[in-house]
Amino acid sequence: MGMSTKDRIIQVAYDWTSKFGLDSITIGELAKAVGMSKSGLFGHFKSKEKLQMMVLDFTAENFTQAVVRPALKKPRGLDRLEAMVDNWIKWSSADNLGGCPFIAAAIEFDDKPGNIRDSIVRYLKTMTGTYAKAADIAVEEGQLPKSADTKQMAYEIYSMMIGYHVYSRLLADDTSKQKLKDGYKRVIENASKE
C-alpha cells in the first residue's frame, strides 16, 4: 500500500528539515516540493506549527525504529547501550539524511519558547533518558558498579554524538567515527572505576 498524501508531505518535510532545519519549512516551498497547491497542503495541517510538530513526531518514530528498537534485540545493559550508539551513528550518517533533525531543531529553538521547543525538550529528554536507562540496566546486571553515574554517562555519550555530528558532517573529519567510539569506551571505563 502506498503512502497517503499527508504521509508523503511529512516525509518530504522531514527530508527538508534534516538538510535545512525545522524553522526553514514554509508551506509554499513544501507545496512546490510535493507538487501541490499551497491551499491544498495547508488543508492537511492548518498551520506551520502543526506541520513542524508532525515532523518532530515523525523524526522521533524514525529514530525509535532505526536506533532503539534494533538495540532492544541485544542483551540487556552495555551491549544494548553500545548498539544504540552504533545505530545512531548509522542513522545520523545515512546518505538520505541531511543531518540529525533533533540537533538542528535544538539549536534553532533553544531560545524560542513555545510548543515546538517544549516538544524538542521532551524528545531529547526521552532520548538521553533511554541511554541512561540502558546504563541503569547495566548496573542492575552487574556490568557497572552501583556507584556509576548513569545520567552523567548519558550526558557524555550524547555530547560526543553532537561532536561526532559536527566533526563528520561539517568538518568532514574521517576520524570522527573512531573518536566517538574511543570516547564511548572511555565513558564505560570511567564508569566502571566509580
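How many residues does helix α9 have, and how far does the helix reach from its first C-alpha to its last? In this predicted model, helix α9 covers residues 176-193, which makes 18 residues, and the helix reaches 26 Å from its first C-alpha to its last, close to the 26 Å expected at 1.5 Å a residue.

Turning to the surroundings of this helix, the buried residues of α9 are S176, L180, G183, Y184, V187, I188 and A191. When one looks down the axis of α9, these buried residues fall within an arc of 140 degrees, so they line one face of the helix. Among the elements that cover the buried residues of α9 are α5 (78-93) and α8 (150-170).

A second helix to look at is α6, which runs over residues 101-109 and in which P101, F102, I103, A105 and F109 are buried. The cover over these buried residues of α6 includes α1, α4, α5, α7 (115-140) and α8.

Two of the helices just named, α1 and α4, also meet each other. Helix α1 (residues 5-20) and helix α4 (residues 48-71) pack at an angle of about 80 degrees, and their axes lie 9 Å apart. Because an angle of 65 to 115 degrees counts as roughly perpendicular, α1 and α4 are described as roughly perpendicular to each other. On the side of α1, the residues that take part are K6, I10, Q11, A13, Y14 and T17, and in α4 they meet L51, M54, V55, F58, T59 and N62. Sorted by class, this contact of α1 with α4 has seven nonpolar, four polar and one charged residues.

Definitions and conventions:
Residues are numbered from 1 along each chain as its sequence is written. This is a predicted model: local features need pLDDT of at least 70, side-chain atom pairs count only at pLDDT 80 or more; totals for chains, interfaces and linings use all residues. Side-chain values use heavy atoms; hydrogens and water are left out. Axes are lines fitted to C-alpha atoms, for helices over the stretch in contact, and angles run from 0 to 180 degrees between N-to-C directions. Helices (H or I, at least four residues) and strands (E, at least two) are DSSP runs, numbered from the N terminus. Angles under 35 degrees count as roughly parallel, over 145 as roughly antiparallel, 65 to 115 as roughly perpendicular and the rest as oblique. Contact means heavy atoms within 4.5 Å. Ala, Val, Leu, Ile, Met, Phe, Trp, Tyr, Cys and Pro count as nonpolar, Asp, Glu, Lys and Arg as charged, and the others, Gly among them, as polar. The expected span of a helix is 1.5 Å times one less than its number of residues. Buried means under 20% relative accessible area, exposed over 50%, partly exposed in between (1.4 Å probe, protein chains only). The arc is that of the directions from the helix axis to the C-beta atoms.
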